[in-house]
Amino acid sequence: MSAVITAAEVHKQYNEVVTAFRRLIPDPALRMAFSRQVDGYIRQYAFGVWQADSASSITPRHVEFYNAIYSNGSQAPSALYWEVASGVANFDLFQPPAFFQDLRQYDRMRSTTLARRFADQLTLLLLLFAAVDGVVSESEAGFVNSCNDILLELCDKDGLHSDRPSLRADQFTAPRPGQTAAPAVKKEAAPKEEDRPQEPEPTLEQLLEQLDELCGLDRVKKDVKSLINLVKVRKLREEAGLPVPPMSLHLVFMGNPGTGKTTVARLLAKIYHAVGVLSQGQLVEVDRSGLVAGFVGQTALKTQEAVQKAIGGVLFIDEAYALVNADNANDFGHEAIEVILKNMEDHRKDLIVIVAGYTDRMEQFIHANPGLESRFNKYFFFEDYDGKQLMEIFRSMCKKNGYTLSEGGEKFMEKDLQALYEERDENFGNARDVRNLFEQAVARQADRVSQLEAPTKEQLMELWPEDLEEKEV
C-alpha cells in the first residue's frame with residue numbers, strides 16, 4: 001500500500017460509506033433499521049477478518065480501528081485490548097445482518113438493487129479493516145469473499161440478479177514483507193484466439209437497424225445518427241487533407257433508470273468501431289463500486305484496471321454522479337475521476353467514456369470538475385417511456401419468451417401500464433418495471449397452469465388477466 005491509514009481516516013471512510021448507502025434507502029422504516037444495526041454487525045465482521053489473518057497478532061492498532069467503527073448519530077465504542085482480542089478469538093461464523101432480509105424483500109417489491117449494493121459496500125468496508133497492518137492477505141480476502149458469496153446466494157435465491165459482476169476482494173491481496181506471492185493455480189489451456197471460429201462483425205447498417213428496432217428513444221436515435229454523420233465527414237476531411245477541428249466524442253447520458261442507456265451505449269461502442277473510431281468496440285460497464293476502493297492507495301489501481309479493460313472500446317460509468325462527494329473534497333471518488341481524465345487524454349484516439357445517470361444529478365457531476373466540463377460536451381437525453389411504449393416493450397417480452405396475451409389480458413395490461421406511467425414517481429423504473437411485471441405474470445401463470453391435467457400448447461403460452469394482476473402481499 002502506498003500509505004498507512006490512520007484510525008481517524010478509517011472512521012471517516014466508514015461513516016461516508018454508511019451514510020451514502022443510507023441515503024439510497026427510500027423506505028424510512030428500512031432506513032432506520034439499517035442505521036440501528038449496521039455498526040454492530042460491522043464490528044463483528046471486523047473480528048472475523050482479523051481472525052482469518054492467522055499470520056498477524058492483535059495489536060493496539062486493531063483496537064483503534066475497532067473503536068473507529070461508528071456512524072453519525074451512534075455512540076463510538078471504547079473497547080479495550082483484551083475485549084478486541086477476545087472478540088477475534090471467539091468469532092464463529094458469518095451471519096447476514098437482520099436488515100439484509102428486509103433489503104431483499106424491498107428489492108423484490110420495487111425492482112431495486114439495494115441488497116446487491118450492500119454486498120459490494122460490505123466488501124469495501126471489510127477490506128478497510130483487513131488493511132489494519134497495511135496488507136490485505138489472501139486469507140483475509142478469502143473471508144471477505146465468503147461473506148459476499150453468502151449474501152449474493154441469498155439474492156440469487158430471491159431472483160435478485162444483476163447484469164454486472166460483484167466486487168471481489170482477492171484483487172486487493174498482496175504478499176507480506178518477506179513473503180512471495182502464492183503460486184498461480186494451473187488452469188487448462190484455453191483454446192487460442194485464432195483457433196476459435198470468428199463471428200463476422202456487424203456492419204454499420206446492421207447496427208443502425210438494431211438501434212431503430214429499439215422501442216421509443218426517437219430523440220436519442222436522431223442524436224446518434226447525427227453523431228455518426230459528424231464522424232464520417234471528419235474522416236473524409238482528414239483523407240482530403242483538410243483541417244479537422246478537435247472534437248470530443250465522450251458522451252453524457254441523462255435520464256431515469258430503465259430507459260435503455262446501457263443498451264444504447266453497447267450499440268454505440270460497436271458503431272464507433274464500425275466507423276473506425278475505436279479499434280475493438282467492447283463496452284466495459286462500471287459504477288462507483290467498480291472504481292473506488294475503501295482504503296488509501298487502491299482507488300487509482302482499481303480505476304486504472306477498469307480503464308485498461310476499456311481501451312479500444314467504451315468505458316460506461318453508470319450513476320457517475322456518485323463519484324462526486326460535495327461534502328468531502330478528499331473523497332476517493334475524486335481520485336477516480338482524475339485517473340479517468342488522465343486516461344482520456346493519454347488514450348484519446350482509442351478510448352471513449354460515457355457517463356450516465358439522473359438528469360439533475362449528472363449536470364451537477366459535470367460541473368463539479370473543470371476537466372469534466374471540457375471533455376463532456378455532448379448530451380443525450382433519455383425520456384421516460386409512455387404507456388403505449390411500455391405496452392410495446394411488454395409485448396416484445398412476451399414474443400421473445402414464447403408467451404401470448406389473451407384478449408382480456410391485452411386490455412388489462414394496456415390499462416395497467418398507462419396507469420403506471422401516469423402515476424410514476426421517483427422510483428419509476430421504465431422498462432425495468434415492465435420486466436418485473438412480466439416475470440411476476442409468468443410466475444402466476446405457472447401456478448395456474450400447473451393445476452391443469454394436460455395443458456395444451458396454447459394454455460402454456462397464454463397470459464390471462466388474473467396472471468397479470470398484482471396480488472396484495
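The exercises below, each with a worked solution, concern a predicted model.

**Exercise 1. The nonpolar cores**

Determine which elements build the largest nonpolar core, and which residues Ile42 contacts beyond its sequence neighbours.

Solution. Begin with the extent of the core, which has 54 residues, those with the most contacts inside it being Tyr14, Ile42, Trp50, Val84, Leu103, Phe118 and Phe129. Next, assign the core to elements: two or more residues come from each of helices H1 (7-24), H2 (28-52), H3 (60-66), H4 (81-90), H5 (98-110), H6 (114-130) and H7 (138-157). Of these, H6 gives the largest share, 11 residues. Then turn to Ile42 and set aside its neighbours within four places in sequence; the contacts that remain are with Tyr14, Ile69, Leu122, Leu125 and Phe129. A second core, separate from the one just described, has 51 residues, among them Leu204, Ile228, Leu417 and Leu463.

**Exercise 2. The buried face of H13**

Identify the buried residues of helix H13 (residues 359-366), and explain how they are arranged about its axis.

Solution. With burial taken as under 20% relative accessible area, the residues of H13 that qualify are Met362, Phe365 and Ile366. Viewed down the axis of H13, these buried residues fall within an arc of 90°, and they therefore line one face of the helix. The spacing fits a general rule: an α-helix has 3.6 residues a turn, so residues three or four places apart point the same way. Finally, list what the buried residues of H13 pack against, namely strands E1 (251-255), E4 (352-357) and E5 (379-382), together with helices H12 (332-346) and H14 (370-375).

**Exercise 3. The sheet**

Work out the strand order of the open five-stranded sheet, and state which strands stand at its edges.

Solution. The order is E2-E3-E4-E1-E5, and the pairing is parallel. Strand E2 (283-286) and strand E5 stand at the edges, where each has a single partner strand, so one side of each is left without a neighbour in the sheet. From one strand to the next, the twist averages 20°. To examine one pair, take E1 and E4, which run parallel and are joined by four bridges; Val252 has Val355 in E4 as its bridge partner.

**Exercise 4. A helix pair**

Describe how helix H16 (residues 407-422) and helix H17 (residues 431-449) cross, and name the residues that meet.

Solution. Consider the axes, which come within 12 Å and cross at roughly 145°. The crossing of H16 past H17 is right-handed. At the level of residues, Met413, Asp416, Leu417 and Leu420 of H16 meet Asp433, Val434 and Leu437 of H17.

Conventions
Residues are numbered from 1 along each chain as its sequence is written. This is a predicted model: local features need pLDDT of at least 70, side-chain atom pairs count only at pLDDT 80 or more; totals for chains, interfaces and linings use all residues. Side-chain values use heavy atoms; hydrogens and water are left out. A nonpolar core is a set of buried Ala, Val, Leu, Ile, Met, Phe, Trp, Tyr and Cys residues joined through side-chain atoms within 4.5 Å. Buried means under 20% relative accessible area, exposed over 50%, partly exposed in between (1.4 Å probe, protein chains only). Contact means heavy atoms within 4.5 Å. The arc is that of the directions from the helix axis to the C-beta atoms. Two strands pair if DSSP finds at least two bridges between them. Axes are lines fitted to C-alpha atoms, for helices over the stretch in contact, and angles run from 0 to 180 degrees between N-to-C directions. A crossing is left-handed if the near helix is turned anticlockwise from the far one by less than a right angle, and right-handed if clockwise.
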